[in-house]
2 protein chains.
Amino acid sequence: MSRKEEFMPPWSDEAPEAGSYRSVFKWGDPSGFKHPNRKLYRYMKEQFRLTDDDFRVRVREGREKVSLAGMPSRLETKHRTALAAIVGDENAADDDYSRVFYSVGKTQEEAFELREGVVKHAADLILHPRNTDDVVAVVRYCDDHRIPLYVYGGGSSVNFGFRPMAGGVMVVMNTHMNRLLEVNELNKTATVEAGMLGPAYESALNRAKELFGTKRNYTNGHFPQSFEYSSVGGWVATLGSGQESSYYGDAYDLVMGVEMVTPRGVINTHVYPATATGPKILDMIKGSEGTYGIITRLTMKIFYLSDETKYGGAYVFKDWETAVTVCREISQGEFGFPGVLRISDEEETDMGLRLYGVAGTPLDTIMKLFGFREMKRCLMLFRTCGEKHFSKNVYRQVKKICRRHGGLPLTSYPVKKWDHGRYLDPYLREDLNDFGMVLDTTECGVTWENLHRVHAEVRRFVKSRPLTGCLTHASHFYPEGTNLYFIFFCKVKDMEDYISLQNGIFEAIQRAGGSLSHHHGVGRMIAPWMEEHLGKNETDVLKLLKNHFDPNGIFNPGGQMGLDYRPGDLNGRDWRGIRR
Amino acid sequence: MSRKEEFMPPWSDEAPEAGSYRSVFKWGDPSGFKHPNRKLYRYMKEQFRLTDDDFRVRVREGREKVSLAGMPSRLETKHRTALAAIVGDENAADDDYSRVFYSVGKTQEEAFELREGVVKHAADLILHPRNTDDVVAVVRYCDDHRIPLYVYGGGSSVNFGFRPMAGGVMVVMNTHMNRLLEVNELNKTATVEAGMLGPAYESALNRAKELFGTKRNYTNGHFPQSFEYSSVGGWVATLGSGQESSYYGDAYDLVMGVEMVTPRGVINTHVYPATATGPKILDMIKGSEGTYGIITRLTMKIFYLSDETKYGGAYVFKDWETAVTVCREISQGEFGFPGVLRISDEEETDMGLRLYGVAGTPLDTIMKLFGFREMKRCLMLFRTCGEKHFSKNVYRQVKKICRRHGGLPLTSYPVKKWDHGRYLDPYLREDLNDFGMVLDTTECGVTWENLHRVHAEVRRFVKSRPLTGCLTHASHFYPEGTNLYFIFFCKVKDMEDYISLQNGIFEAIQRAGGSLSHHHGVGRMIAPWMEEHLGKNETDVLKLLKNHFDPNGIFNPGGQMGLDYRPGDLNGRDWRGIRR
């Protein structure tokens, strides 16, 4: 079939209608799209035994106007008035659209619910505080009146991390509390308000000379895929990790100090490069996911902006085992880390080579000739950074290790391709969803020792289901191990079917010895596994801190991180009440 | 005066008598000595306006046999019997010598007390558990019967970190629980019992091929000055830092997992390279200094043993400001860190050059000619490590920065000299003490921004006292700052005079914005400043965890870290009851 005649699904190119459900769940720029290209479309049909007929009619698109007719705000008027008086009337809203917009994260489940016009939980009042004083007053008021309080950073949670199960107030951080306050060039740190989103933060650091009169420009070094729709406070609260974390560190490593408002008062941790004055309160706040209080301000490490010292490359290896060994040797080589380091397993590589247009070309033939077989071979991308000679040496060492393990160099084209598209992949999801396919991800941390077991166990489970794709990569590296990131997609019968897939993956990870999350956080989604995962003595400590900071349980109530579960609350069910 | 005629003090060369007080407080090998050499002796006389007559007669040396005649064990016989039954009779002791030996750390105060035959606090029973089961049973028994419980790792605390203020039981970890259990070459980690001392741990890793059949030999990378008399568990419990921490990291960074026995049960943290499953319990245990429970086992990062990739050098700079700037540029250069990096301030440099025999030589003349003036110039030592090319690049970058700031290269001789003597300096102390001089250290963490303020403030305070030496160096580096390590020495009127010096330094650090400890920990010594230093909301969190893990307050009671102070306990006094 020629290109002209080939059927392509009617991908939607219409920006969501203002005020519609679709405008709530659509990823990113309302008029931004990244449709599956021909190759991906063909791949999907082939993999999932679909035909063009499966792609002729879109499912419900959620183009109706948001309505909360059946769910009026339950907040008493006196509370609404008092809270609006704190932040200013113009910064308080309880119209339906605001209530829905700020109550929904980026899970696949929420997107499908919204398509049906279903909103299971919405905050009663949305507040946009202007400064820490506003936050302190809101927290005090809500604590005094036992009003549930949720925090909205950038809204990109993929585990229901701020779903307002108990209604109440949603505090939106990115409207006003979004400024870069200081670039401290001497300490190489920046102090920033918690609601600042990735691009604004990065761009201000990139222009530090102009904006702050510094000698150099800086980068923040943290580039999660959610970069555009996540906040600095959210990065730390959920223990995020960026795509160049192997060099720059995770959010956990990047934060040097925080200000957090709790019902117990304001916590302000000092900034020291290191200190031996007991366990660090800062550490107890990292990863607390809105259950202890509201992070209002952070001091973060920053780095020199140095695009000219980046050297990238790509290799293909005979199999996953080899690719993993290569990355282990890189990570343990004691020559520093590349910024970007990613390996794709056989299935992700297969799709990648098709999408990059390599499959079926002379290069493909060469690869096969040299024994890099389809559905065995694995791709690796890397890109170094840092001081020029450091960066060059990392580049050389990486190549040396790749060569030693029989890697076939593929030029730096794939890494450029990846770099260009790295924030665009989430745009694909709406297109697939429009035809009833789900596309979702889970991920975990693994030691080198457990990596293969976790990978095999998750794939074994996923592949026990009909026609389900599972692409895996590892993209955050440490001397002791890495992460595994699973992208899975399939047609599902219904949401319950989909949830059983997701839960099955968590159980496979848990069974095989992975950490239940490497950088997505816990939220409500994996909360039911927390006690089993960490141990009861360990979970009790998190509950202890929760009850201390938030004695009346106003922060993020309703199963967040499992911290307000009482014994018997779950009884073998997941947080939605569905039997595991 | 010729060398032959020159008077030298009668430094003691006698190993302490077995069973004597001196055998308790003398540092290190009983027959090991490092006497002040002629140059140091001359320096001291000159600096402190002393004469040979001040060094003719030694003060009380503590050569009497230890006796606790006035302080019999207060532990009821039934408890003694029950506890001895748990660990085995041969592993329980309550003779006077054991009780004193295991109740004393390495503070200057304790040494002077022991010289006078004074023992203020001694545990009633010393136990040497064989394994975690023993520890669990001892903790349970002590908790059931409210018996105070202290933990002895290597005994090198310099802040009364395990002083048994309430008597009770001292659990000694280094007698039996001192084995390297596993070298996990895949994860590049080692699992070790908490009581293993530095040299045994390092030597086992150095011989990993032979002992564990690994492909390579390893190093643990942690070399505090107390290396020989500190335990792996102690490093983590007190947040220690080694002399090559700039490359290898602090104990805080090196530990990947712990097993800790508490009255609440055993805490076992999983080993993951990174995980986003909430605040990390491991982090809450780091630095808990024996107040939450007993750390019994740890999983630690390890590194390749690579002595052949170390490149060292030394420079002298015009002044302290320049030396600090050089180190800041090195630490922020994004080319990795040298292992060893140290700068000495003007006073420490002055003494160093005299001791190294540089003062008064042609080299000294050259230095002065080039404008490196006495009591202005500052020494820097460094030595790189890691993968060969990485290490070489760090070496080159360091030299480049040094040259740019007008540093005068001094060959690698000083770093070799330093390396050779680095564990020997503590031996000097007994000699000085023998003639009534005190020699002690305090230290703190500082950001680059606060460094000069802290340094100036501490020196201003110290120099406000008569004839007191204060040598300062910075030796642990981070992008955001470093530590300041103060060595002070003088003749004091009495202990109260000495304590007022020590307390004054803490107050100067606090006032000027330093952290009260960079790697010595808190103990009892700086406990009274903790709440002021961290803030009340922050200290409350540490107390919360303390009360959770140890609800009956049996662990390290008596002011450790200030966690069992009640309001009004201090009233402007230090932990000894002396007015601040």
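This is a short talk about a sheet, some aromatic rings, a helix and two unusual backbone angles in one structure.

Hi everyone, and thanks for coming. Before we start, please keep in mind that this is a predicted model.

Let's begin with a sheet in chain B. Strands of a sheet pair through backbone hydrogen bonds, either parallel or antiparallel. In what order do the five strands of this open sheet in chain B come? The order is 5-6-10-8-9, and the pairing is antiparallel. At the edges are strand 5, residues 180-184, and strand 9, residues 265-268, of chain B, and each of these pairs on one side only. On average, neighbouring strands of this sheet are turned by 10° against each other, if we ignore direction.

Now let's zoom in on one edge. Strand 5 of chain B pairs with strand 6 of chain B, residues 189-193, in the antiparallel sense, over four bridges. If you want one spot to look for, B:Glu182 stands opposite B:Thr191, which is in strand 6 of chain B.

There is a helix to add to this picture. Helix 6 of chain B, residues 132-144, lies across strands 8, 9 and 10 of chain B. Against strand 8 of chain B, helix 6 of chain B runs at about 45°.

Next, the aromatic rings. A pair of aromatic rings is described by the distance of the centres and the angle of the planes. Over all chains, a search of the whole structure finds 55 aromatic pairs. One of them joins A:Tyr292 and A:Phe549: the centres are 5.2 Å apart, with 35° between the planes, and the pair is tilted. Why does this pair tie together distant parts of the sequence? A:Tyr292 lies in the loop between helix 12 and strand 10 of chain A, while A:Phe549 is in helix 22 of chain A, so the two parts it ties together are 257 residues apart in sequence. Both A:Tyr292 and A:Phe549 are buried.

Compare that with A:Trp448 and A:Phe477, whose centres are 6.1 Å apart and whose planes are at 20°, so this pair is stacked. A:Trp448 sits in helix 19 of chain A and A:Phe477 in strand 18 of chain A, 29 residues apart. Are these two rings' residues buried or exposed? A:Trp448 counts as buried at 3% relative accessibility, and A:Phe477 is buried too, with a relative accessible area of 2%.

Some rings also form a cluster that includes residues of chain A and chain B: ring pairs link A:Tyr247, A:Tyr248, A:Phe303 and A:Phe390 with B:Tyr247, B:Tyr248, B:Phe303 and B:Phe390.

Rings can have charges over them as well. The charged end of A:Arg56 sits over the ring of A:Phe7, 4.4 Å from the ring centre. Likewise, A:Lys318 has its charged end over the ring of A:Phe372, 5.2 Å from the centre of that ring.

Let's move to helix 20 of chain A, residues 495-512. Its 18 residues should span 26 Å at 1.5 Å a residue, and the end C-alpha atoms are indeed 26 Å apart, which agrees. Of those 18 residues, 13 are buried, so the helix is largely enclosed by the rest of the structure. Right after helix 20 of chain A comes A:Gly513, with a positive phi near 95°.

That brings me to my last topic. A:Met561 is not a glycine, yet its phi is positive, about 60°. A:Met561 is found in the segment after helix 22 of chain A and is buried, with a relative accessible area of 1%. B:Glu334 is not a glycine either, and has a positive phi of about 60°. B:Glu334 lies in the loop between helix 13 and strand 13 of chain B, and is buried at 11% relative accessible area.

Thanks for listening!

Notes:
Residues are numbered from 1 along each chain as its sequence is written. Chains are lettered from A and ligands numbered from 1 in the order in which they are written. This is a predicted model: local features need pLDDT of at least 70, side-chain atom pairs count only at pLDDT 80 or more; totals for chains, interfaces and linings use all residues. Side-chain values use heavy atoms; hydrogens and water are left out. Two strands pair if DSSP finds at least two bridges between them. Axes are lines fitted to C-alpha atoms, for helices over the stretch in contact, and angles run from 0 to 180 degrees between N-to-C directions. Contact means heavy atoms within 4.5 Å. Rings of Phe, Tyr and Trp (its six-membered ring) pair if their centres lie within 6.5 Å; planes under 30 degrees apart count as stacked, over 60 as edge-to-face and the rest as tilted. Buried means under 20% relative accessible area, exposed over 50%, partly exposed in between (1.4 Å probe, protein chains only). A charge sits over a ring if NZ of Lys or CZ of Arg is within 6 Å of the ring centre and within 35 degrees of the ring normal. The expected span of a helix is 1.5 Å times one less than its number of residues.
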